Every structure is written in C-alpha cells, then in structure tokens.
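Here's a quick briefing to read with the model open beside you. It starts with the overall fold and then moves on to the inside of the chain.

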Amino acid sequence: MSFFADWLTVLAIGCLAVMAPGPNLAMTLRNSLSYSRQSGIYTAVGLAAGNCVHVTYCLVGIGVIISESILLFSAIKWLGAAYLIYVGIKSLQAQRHKPIVPKGSATQNAQHSSSQQTHDLTRFASIRIGFLTNLLNPKVTLFFLALFTQIIQPTTPLFTQAIYGLTMVALEFIWFALVAIVISQRSIKNRFLAISHWTERITGAVLIALGLRLAVSQQNT
C-alpha cells in the first residue's frame with residue numbers, strides 16, 4: 001500500500017511538473033507549429049530521453065554531487081542557458097510560411113518536395129533538440145532530487161525506484177506528444193501559419209527570456 005501511495009504521489013507531482021510552462025513546452029510548440037507533427041512528437045521523444053538521463057543519475061546519487069557543486073551546477077546552468085538563447089535567436093529569424101494546401105491538389109504536389117524539405121526537421125534533429133533542451137536544464141535535476149529524496153528510502157528496492165523513474169519518463173513523452181498532436185491539427189495549424197513567423201519569433205523571445213532567467217538564477221532557486 002505504501003508503494004501505491006508513493007507512486008500516486010510521483011504521478012500527481014509529475015503531471016503538474018510536465019504541464020507547467022517552461023522550455024520543454026516552448027520547444028514542443030515551436031517544432032510542432034513551425035515544422036510538423038512528426039517533429040513535435042520526436043521532440044517529445046528527446047525530452048523523455050533527457051528525463052531518462054536525469055532519473056538515472058539522480059537515482060544513483062550523482063545528482064547530489066551536482067546540486068552541491070557550485071562549479072558543476074553553474075557549468076550546466078550556463079550550457080542550458082546558452083542553448084536556449086541560441087535556439088531563441090534562430091527562431092527570431094523565422095520567415096513566413098505558406099498555408100497547408102489540401103492533399104491531391106496541383107499546388108500541394110508542387111509544394112510538397114521543396115516546402116517539406118525546407119520547413120521540416122529530421123527525426124534525429126528533433127530528438128536532439130528535445131534531448132538537449134531537457135538535459136541542459138539544471139532545475140530538472142533539482143526537481144528530481146527534491147521528489148526522489150522524499151519518496152525513496154535506503155530500503156526502497158531498485159525495481160521500485162525504476163518504476164518511479166519510468167513513470168516520470170512516460171509522463172514526459174505522453175504529455176508533450178499529445179501537445180504536438182493537438183497543436184499540429186490542420187484546422188488549428190492553418191490558423192497559425194499565416195502568423196507562424198510571428199509566433200515563432202515570440203517563442204524565440206520566450207526561449208531567450210527563459211535562457212537569460214536560467215543564466216541569472218541563483219543555485220538555490
């Protein structure tokens with residue numbers, strides 16, 4: 001019964017954490033709107049992979065070292081901030097995209113080969129963006145440390161710890177994959193495409209702001 005109660009705690013806190021606005025959401029929206037549903041979903045795969053790394057080193061105790069080492073923490077913080085700012089600057093340079101044309105039309109066939117290649121990301125690029133966005137955020141480390149130190153005891157079996165960690169990984173992927181699927185619906189996406197260059201630029205500004213906030217944040221925040 002204790003396991004089930006603890007697992008529900010992980011599930012509830014995990015849901016709140018992944019749904020909170022932040023770099024992960026901004027990056028998923030950016031890739032889903034500016035590129036494609038596939039790009040958004042594979043970004044979610046990358047975010048989940050980043051969670052795998054965070055969960056693993058937190059469970060084996062490395063996270064404690066990171067949280068206690070000002071030098072190492074600062075290095076990760078600045079790397080994460082620099083990456084967010086870099087992606088934000090790239091987004092500020094976005095150009096206007098053309099609306100999606102119904103399948104089967106001559107215009108759609110003509111646009112498919114050039115537009116799809118120009119305005120889509122490869123699977124690897126999408127996964128890499130999601131992975132680095134999550135991995136280079138030191139606040140995720142502190143979140144997992146705070147959560148797991150409350151739930152996991154020295155006597156907690158390794159299998160039980162793994163279930164807690166996999167729960168967080170699954171939540172990360174499911175939520176952001178759903179965000180990508182919903183936001184990339186044609187009826188929704190077409191409304192954004194006319195102003196997509198502006199929404200991407202706004203997203204870029206948000207990413208830069210998040211990066212700057214991460215860069216100037218204190219270690220104990």
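Going from the N terminus, the elements read α-α-α-α-α-α-α-α-α-α-α. That makes eleven helices and zero strands for the chain. Keep in mind that this is a predicted model.

**The chain as a whole**
- The chain has 221 residues, and 42% of them count as buried.
- If you take the contacts with a separation of 6 or more, 87% are between residues 24 or more positions apart.
- The accessible surface adds up to about 11800 Å², and carbon and sulfur atoms hold 70% of that.

**The nonpolar cores**
- The largest nonpolar core is made of 21 residues.
- Inside this core, the residues with the most contacts are V10, C58, F144, L147, F148, Y164 and M168.
- Which helices give two or more residues to this core? They are α1 (2-19), α3 (37-59), α8 (138-151) and α9 (158-183).
- Another core lies apart from the largest one and has ten residues, including A26, M27, I129 and L207.

**Two residues to click on**
- Start with F144, one of the residues with the most contacts inside the largest core.
- Setting aside residues up to four places away in sequence, F144 touches N51, H54, V55, C58, T149 and M168.
- Two of those partners, C58 and M168, also appear among the residues with the most contacts in that core.
- Next, look at T167, which sits in helix α9.
- Is T167 buried or exposed? T167 counts as buried because its relative accessibility is 10%, and the cut-off for buried is under 20%.
- Once neighbours within four places in sequence are left out, T167 is in contact with W7, V10 and L11.
- V10, one of these T167 partners, is also on the list of residues with the most contacts inside the largest core.

**The second largest pocket**
- Rolling a probe the size of a water molecule over the atoms shows where empty space is left.
- The second largest pocket holds about 580 Å³ of space.
- Its lining counts 22 residues, and those closest to the centre are A17, P23, N137, K139 and V140.
- At least two lining residues come from each of α1, α2 (23-34), α8, α9 and α11 (196-216).
- Which helix gives the largest share of the lining? That is α8, with four residues.
- Sorted by class, the lining has 14 nonpolar, five polar and three charged residues.
- Helices α1, α8 and α9 turn up in this lining, and they also give two or more residues to the largest core.

Methods
Residues numbered from 1 in each chain as written. Predicted model: local features only at pLDDT ≥ 70, side-chain atom pairs only at ≥ 80, totals over all residues. Heavy atoms only, no water. Buried < 20%, exposed > 50% of the residue type's maximum accessible area, 1.4 Å probe, protein only. Contact = heavy atoms within 4.5 Å. Areas by Shrake-Rupley, 256 points an atom, 1.4 Å probe, with all protein chains shown as cover. Core = buried A, V, L, I, M, F, W, Y, C linked by side-chain atoms within 4.5 Å. 1 Å grid on protein atoms, 1.4 Å probe; cavity = no way out; pocket = protein on both sides within 12 Å on 5 of 7 lines; lining within 4 Å. Points joined across faces, edges and corners; volume = space filled by probe spheres on them. Nonpolar A, V, L, I, M, F, W, Y, C, P; charged D, E, K, R; others polar.
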